[in-house]
Amino acid sequence: MKDCLVYFFTGFLDSGKTSFICSWTSEDNISDKKIVILATEEGEEEYTPESMGRDDITVLTVEPDEVDKALMSDIEKRYKPDILFMEWNGSVSPSEFFEKVDVPRRWALAAALVIVDASTYSEYYRNMQTIFADYYRYCDNVIFNRVDPEVNNIPKLRGSVKS
C-alpha cells in the first residue's frame with residue numbers, strides 16, 4: 001500500500017487555512033485520491049463540496065486534545081486515505097501533535113505549513129512572537145496570505161520569519 005501523504009497546516013484563526021486547503025482539494029492531480037481533512041478548529045469558512053470542488057472528501061472535526069494514536073489508527077482503518085490534510089488549531093502548539101502523537105506507519109509528512117494573514121501579521125507578531133516562533137519551529141514553509149504590496153513590506157515579512 002502506498003504512503004498516505006500528510007499535510008499539516010497551522011496559523012491563527014481566520015488566517016486562511018481552510019480556504020488554502022480547499023484550493024488544493026480541487027486540483028486535478030489529486031482528483032483520484034482518497035482525502036481526509038482533520039480539522040481541530042472551526043473558523044469562518046466551512047468545508048463544503050462547492051468549496052472543495054468535489055463531494056467525496058471526508059471531513060472530521062475534533063478538539064486538539066482528541067488527536068491521539070487511537071484516532072489516527074481509526075482514520076487509517078476506516079478511510080485508508082491517500083492524503084490527510086490536518087488543520088491544526090492555531091492556539092495550540094504544533095508540538096502537541098509532532099511530539100506526542102504516533103501516526104500509522106504508512107503516513108508520511110509531506111509538508112508542515114503555517115498560513116499567515118499579512119494584513120494582521122505586524123500586530124500579531126509584535127504581541128505574540130513566542131507563538132510565531134513555535135509555529136516556525138515545526139514548519140517547512142510559511143505562506144503569507146492576503147498580501148498587499150502597497151501596504152506590506154515583503155522583505156520585512158520574510159526577514160521576520162528568517163530571524
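Helix axes are taken here as lines fitted to C-alpha atoms over the stretch in contact, with angles running from 0 to 180 degrees between N-to-C directions. The model examined is a predicted one. In this model, the axes of helix H5 (residues 118-127) and helix H7 (residues 154-162) come within 12 Å and cross at roughly 45 degrees. Because angles outside the ranges for roughly parallel, roughly antiparallel and roughly perpendicular count as oblique, H5 and H7 are oblique to each other. The crossing of H5 past H7 is left-handed. On the H5 side the contact is made by Ala118, Tyr121 and Tyr125, and on the H7 side by Leu157, Ser160 and Val161. By class, the residues of this contact comprise five nonpolar, one polar and no charged.

Within H7, the contact residue Leu157 was considered individually. Its relative accessibility is 8%, and Leu157 therefore counts as buried, the cut-off being under 20%. Apart from residues up to four places away in sequence, Leu157 touches Ala118, Tyr121, Phe144 and Asn152. Between Leu157 and Tyr121 the separation is 36 residues in sequence and 8.4 Å in space, C-alpha to C-alpha.

A further contact of H5 is made with helix H6 (129-137). H5 and H6 pack at an angle of about 105 degrees, and their axes are 5 Å apart. This angle makes H5 roughly perpendicular to H6, since the range for that class is 65 to 115 degrees. Tyr121, Tyr124, Tyr125 and Asn127 of H5 meet Gln129, Phe132 and Tyr136 of H6 in this contact. The residues of the H5 contact with H6 divide into five nonpolar, two polar and no charged. Tyr121 and Tyr125 of H5 are listed in the contact with H7 and also in the contact with H6.

The burial pattern of H5 was examined next. Ala118, Tyr121 and Tyr125 are the buried residues of H5. Viewed down the axis of H5, these buried residues fall within an arc of 10 degrees, so they line one face of the helix. An α-helix has 3.6 residues a turn, so residues three or four places apart point the same way. Ser119, Arg126 and Asn127 are exposed and are carried on the face of H5 turned away from its buried side. The cover over the buried residues of H5 includes strand E5 (107-117), H6, strand E6 (141-145) and H7.

Helix H3 (69-79) was treated in the same manner. Its buried residues are Leu71, Met72, Ile75 and Glu76. The arc they cover around the axis is only 140 degrees, which puts them on the same side of H3. The opposite face, turned away from the buried side, carries the exposed residues Lys69, Ala70, Lys77 and Arg78. Among the elements covering the buried residues of H3 are strand E2 (35-39), strand E3 (58-61), strand E4, helix H4 (95-98) and E5. E5 is also included in the cover of the buried residues of H5.

The loop between H3 and strand E4 (83-87) contains Lys80, and Asp82 is found in that loop as well. Lys80 has a phi near 45 degrees, a positive value in a residue other than glycine. Most residues other than glycine have a negative phi. With a relative accessible area of 36%, Lys80 is partly exposed. Asp82, not counting residues up to four places away in sequence, touches Asp3, Cys4, Leu5, Asp32, Lys33 and Lys34. The C-alpha atoms of Asp82 and Thr58 are separated by 12 Å, with the two residues 24 apart along the chain.

A positive phi is also found at Asp14, where the value is about 65 degrees although the residue is not a glycine. Asp14 is located in the loop between strand E1 (4-10) and helix H1 (17-25). The relative accessibility of Asp14 is 38%, and Asp14 therefore counts as partly exposed. Thr18 lies in H1. At a relative accessibility of 9%, Thr18 counts as buried. Its contacts, leaving aside neighbours within four places in sequence, are with Glu45, Glu46, Tyr47 and Glu87.

Technical notes
Residues numbered from 1 in each chain as written. Predicted model: local features only at pLDDT ≥ 70, side-chain atom pairs only at ≥ 80, totals over all residues. Heavy atoms only, no water. Helix = DSSP H or I, 4+ residues; strand = E, 2+ residues; numbered from the N terminus. Parallel < 35°, antiparallel > 145°, perpendicular 65-115°, else oblique. Left-handed = near helix turned anticlockwise from the far one by under 90°. Contact = heavy atoms within 4.5 Å. Nonpolar A, V, L, I, M, F, W, Y, C, P; charged D, E, K, R; others polar. Buried < 20%, exposed > 50% of the residue type's maximum accessible area, 1.4 Å probe, protein only. Arc of directions from axis to C-beta.
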